[in-house]
Amino acid sequence: MKVSFHGHSVVQIETNGKTILIDPFISGNGNCDLDASTVKADVILLTHGHNDHVGDTVDIAKRNNSFVVAPFELATYLGNKGLETHPMYIGGAREFDFGTVKFTQAFHGSSFTEDDGTIVYTGMPTGILFTAEGKTIYHAGDTGLFTDLKMIGERNNIDLAFLPIGDNFTMGPEDATVAAEWIQAKTVVPIHYNTFPLIEQDGEAFAKGLKNGVGKHMNVGDSLEL
């Protein structure tokens with residue numbers, strides 16, 4: 001399984017002959033190395049409805065005939081735009097031909113802002129546990145620190161975790177350090193930082209500061225094998 005990081009919260013997973021994109025915010029993301037007009041995706045997984053996470057989902061999915069898995073309200077909203085969607089919700093898991101998806105709690109908000117400024121409610125924010133080829137990836141989405149992260153760590157053997165560290169809208173580095181200890185992942189990668197001035201952080205320093213050498217700073221475009 002190949003996993004790559006593409007700026008902000010954009011993660012790409014290649015497994016079981018499929019390419020999966022999580023939160024494909026590409027256009028308008030100065031830190032992303034992907035081209036929204038050419039990127040391939042068989043599957044798109046979405047943590048919540050904010051524009052900097054839904055990103056280019058509609059265009060990518062229509063061009064690739066991608067299968068979109070998202071929280072119920074967001075899946076319904078995107079389904080009404082002509083996408084093939086599968087609705088899920090917190091605590092629910094489902095096995096697909098590309099892997100197993102389970103949505104977890106996240107403490108944040110979730111809405112999509114239309115071009116005219118209209119705000120559309122898109123359900124609860126989530127994190128994602130994705131399992132394939134005997135490996136488990138945890139994408140925390142946007143969240144603050146909460147104690148049930150301990151339960152997520154205790155109940156899942158997490159190989160790779162992506163945690164937000166940007167502060168202001170999500171956990172900052174100090175809280176994310178605690179979260180990393182609680183989830184007990186073998187490798188922890190910082191995300192959701194440096195995209196905008198309000199979330200400027202030192203991802204390399206965060207990774208180096210984690211106990212037991214679990215931290216890994218990934219530059220945009222970097223990949224690793226699980």
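Phe 196 is partly exposed in this predicted model, with a relative accessible area of 31%. Its ring forms an aromatic pair with Phe 25, with 6.4 Å from centre to centre and 40 degrees between the planes, an arrangement that counts as tilted. Phe 25, by contrast, is buried, at a relative accessible area of 8%. Phe 196 belongs to the loop between β14 (187–191) and α6 (203–209), while Phe 25 belongs to the loop between β3 (18–22) and β4 (43–45), so the pair ties together parts that are 171 residues apart in sequence.

In total, the structure holds seven aromatic pairs. Another of them joins Phe 67 and Phe 96: the planes of these rings stand at 70 degrees and their centres are 5.7 Å apart, so the pair is edge-to-face. The angle decides this, because planes over 60 degrees apart count as edge-to-face. Phe 67 is found in strand β5 (residues 67–71) and Phe 96 in strand β7 (residues 93–96), so this contact ties together parts that are 29 residues apart in sequence. Both Phe 67 and Phe 96 are buried. Together with Phe 98 and Phe 130, they form one aromatic cluster.

Helix α2 (residues 57–64) also contributes buried residues, namely Thr 57, Val 58, Ile 60 and Ala 61. The elements that cover them include β3, β4, α1 (51–54), β5 and α3 (72–79). Just after α2 comes Asn 65, which takes a positive phi of about 55 degrees.

Charged side chains are considered next. Side chains of opposite charge can pair when their charged atoms come close. The structure has three salt bridges, listed here with their N to O distances.

| Salt bridge | N to O distance |
|---|---|
| Asp 159 and Lys 186 | 3.4 Å |
| Glu 181 and Lys 211 | 3.6 Å |
| Lys 208 and Glu 204 | 3.5 Å |

Asp 159 is in the loop between α4 (148–155) and β13 (160–164), and Lys 186 is in the loop between α5 (173–183) and β14, so their salt bridge ties together parts that are 27 residues apart in sequence. Asp 159 counts as buried because its relative accessibility is 8%, a value under the 20% limit. Lys 186 is partly exposed, with a relative accessible area of 45%.

Glu 181 lies in helix α5 and Lys 211 in the loop between α6 and β15 (223–225), so this pair ties together parts that are 30 residues apart in sequence. Glu 181 is partly exposed, its relative accessible area being 39%. Lys 211 counts as exposed, with 57% relative accessibility.

The partners Lys 208 and Glu 204 both lie in helix α6, four residues apart, which is about one turn of the helix. Lys 208 is exposed, at a relative accessible area of 64%, whereas Glu 204 counts as partly exposed at 39% relative accessibility.

Finally, the surface carries a nonpolar patch of about 290 Å², made by Ile 90, Tyr 121 and Met 124. One of these residues, Tyr 121, has its place in strand β10 (residues 119–121). Tyr 121 counts as exposed because its relative accessibility is 53%.

Conventions: Residues numbered from 1 in each chain as written. Predicted model: local features only at pLDDT ≥ 70, side-chain atom pairs only at ≥ 80, totals over all residues. Heavy atoms only, no water. Patch = residues over 30% accessible without salt bridge, like charges linked within 9 Å, V, L, I, M, F, W, Y side chains within 5 Å. Areas by Shrake-Rupley, 256 points an atom, 1.4 Å probe, with all protein chains shown as cover. Salt bridge = Lys/Arg side-chain N within 4 Å of Asp/Glu carboxyl O. Helix = DSSP H or I, 4+ residues; strand = E, 2+ residues; numbered from the N terminus. Buried < 20%, exposed > 50% of the residue type's maximum accessible area, 1.4 Å probe, protein only. Phe/Tyr/Trp six-rings, centres within 6.5 Å; stacked < 30°, edge-to-face > 60°. Contact = heavy atoms within 4.5 Å.
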